Amino acid sequence: MPQPAATIFLKIYLYRRVVQAKLFIDAHYHQPINLAAIADEAYFSKYHFIRLFKAAYGNTPHQYLMAVRINNAQLLLKTGMPVTDVCYAIGFDSISSFSALFKRITKHSPAVWQQTELKRAAEMKIAPLNFIPNCFAQQNGWTPNRNF
Amino acid sequence: MITKMNHVSIFVLNQDSAFDFYVNKLGFNVHTDASMGPGKRWLTVCPPEQPELEISLMAINEGMMFKQEAAEQMRVLVSKGTFGFGVFECNDLLATYEELKAKGVEFTKEPTKEFYGFEALFKDDSGNWFSLGEKKQ
């Protein structure tokens, strides 16, 4: 049976509020974020907000915020930024809690992860063909000419 | 026995613009971004929960793969929306639809209940189209 128009509009309205909250986290992850305040801003009770957010994104707002911070930490670590600077740049105020969370998610400490990535980037500059399936490299004419 | 696909190609009109679309709008991760010489670039991205699948954003350049005429024809075909490259999946279609619309992604079909599932269609910045479906619970 089709849903009444009012129900559909309410559902769309709620979705838009949840999406706005997610986009707010995306834009402000590096700042202190009070998730209860976001729920207030979205006109939800905290528990209703968490339930809707988890239904939409598979994680609670707090889990999502932590994931966004670690994703951005990875991007900054790839630039060679010192681990301590990265920690503060993504909104953590404790190196130990940042490192612990980073290790829990990536299985490596930030320093080890960074060294691995910087090494990979350096190799990519020197020998990019090592990172491309040969069939694609050949199709593009990137493989060196060989004399048989 | 074939067990997996780990690379797939999407032909794009501009790799810089495609990078912005797939990374900043769709939220994909960059897997490999290697310069292959002036104007040549190997760029692959992965959906966030599928790091083993590299999607190669291939520029349509005149060269080994395309002769000049073929490259021009390919560009026209891509920009006209000839190619549909696959089906992406999300946890919640309505939420993802609202988010991508807010980011400026163009949808050619709003979320619709079909007999095979809940689906929307969108285009990338080049004109390639994709289906977006909701993960079955």
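Which residue in β8(B) is the bridge partner of Glu119(B)? I looked this up in a predicted model, and the partner is Gly133(B).

**Entry 1: the strand pair.** I then took the two strands around that bridge. Strand β7 of chain B covers residues 117-123, and β8 of chain B covers residues 129-134. I find them paired in the antiparallel sense, over five bridges.

**Entry 2: the sheet.** I followed the pairing outward from β7 and β8. The two strands belong to an open sheet of four strands in chain B, ordered β5-β8-β7-β6, and the pairing is mixed. I noted β5 (84-90) and β6 (106-114) of chain B as the edge strands, since each pairs on one side only. From one strand to the next, the twist averages 20°.

**Entry 3: the helix on the sheet.** I looked for what packs on this sheet and noted helix α3 of chain B, residues 93-102. This helix touches β5, β6, β7 and β8 of chain B. I recorded an angle of about 170° between the direction of α3(B) and that of β6(B).

**Entry 4: the record.** I checked the annotation for chain B. An unreviewed UniProt entry lists "domain: VOC" for residues 4-135 of chain B. Over that range I read 25% helix and 41% strand. The end C-alpha atoms of the range are 20 Å apart.

**Entry 5: across to chain A.** I returned to α3(B) and looked at its contact with the other chain. Helix α1 of chain A, residues 5-28, packs with α3(B) at an angle of about 60°, and the axes are 9 Å apart. An angle of about 60° is neither under 35 degrees nor within 65 to 115, so I class α1(A) and α3(B) as oblique to each other. Their crossing is right-handed.

I listed the residues that meet there. From α1(A) they are Tyr15(A), Arg16(A), Val18(A), Val19(A), Lys22(A) and Leu23(A). From α3(B) they are Leu94(B), Ala95(B), Glu98(B), Glu99(B) and Ala102(B). By class, I have seven nonpolar, four charged and no polar residues in this helix contact.

**Entry 6: the whole contact.** How many residues does the contact take from chain A and from chain B? I have 20 residues from chain A and 17 residues from chain B. On the side of chain A that touches chain B, the elements giving two or more residues are α1, α3 (46-57) and α8 (134-139) of chain A. The largest share of that side, six residues, comes from α1(A). By class, I noted 14 nonpolar, four polar and two charged residues on the side of chain A that touches chain B.

Definitions and conventions
Residues numbered from 1 in each chain as written. Chains lettered and ligands numbered in written order. Predicted model: local features only at pLDDT ≥ 70, side-chain atom pairs only at ≥ 80, totals over all residues. UniProt positions renumbered as here; feature names shortened; annotations may be inferred. Pairing = 2+ DSSP bridges. Axes fitted to C-alpha atoms, helices over the stretch in contact; angles between N-to-C directions. Contact = placed C-beta atoms within 7 Å. Parallel < 35°, antiparallel > 145°, perpendicular 65-115°, else oblique. Left-handed = near helix turned anticlockwise from the far one by under 90°. Nonpolar A, V, L, I, M, F, W, Y, C, P; charged D, E, K, R; others polar.
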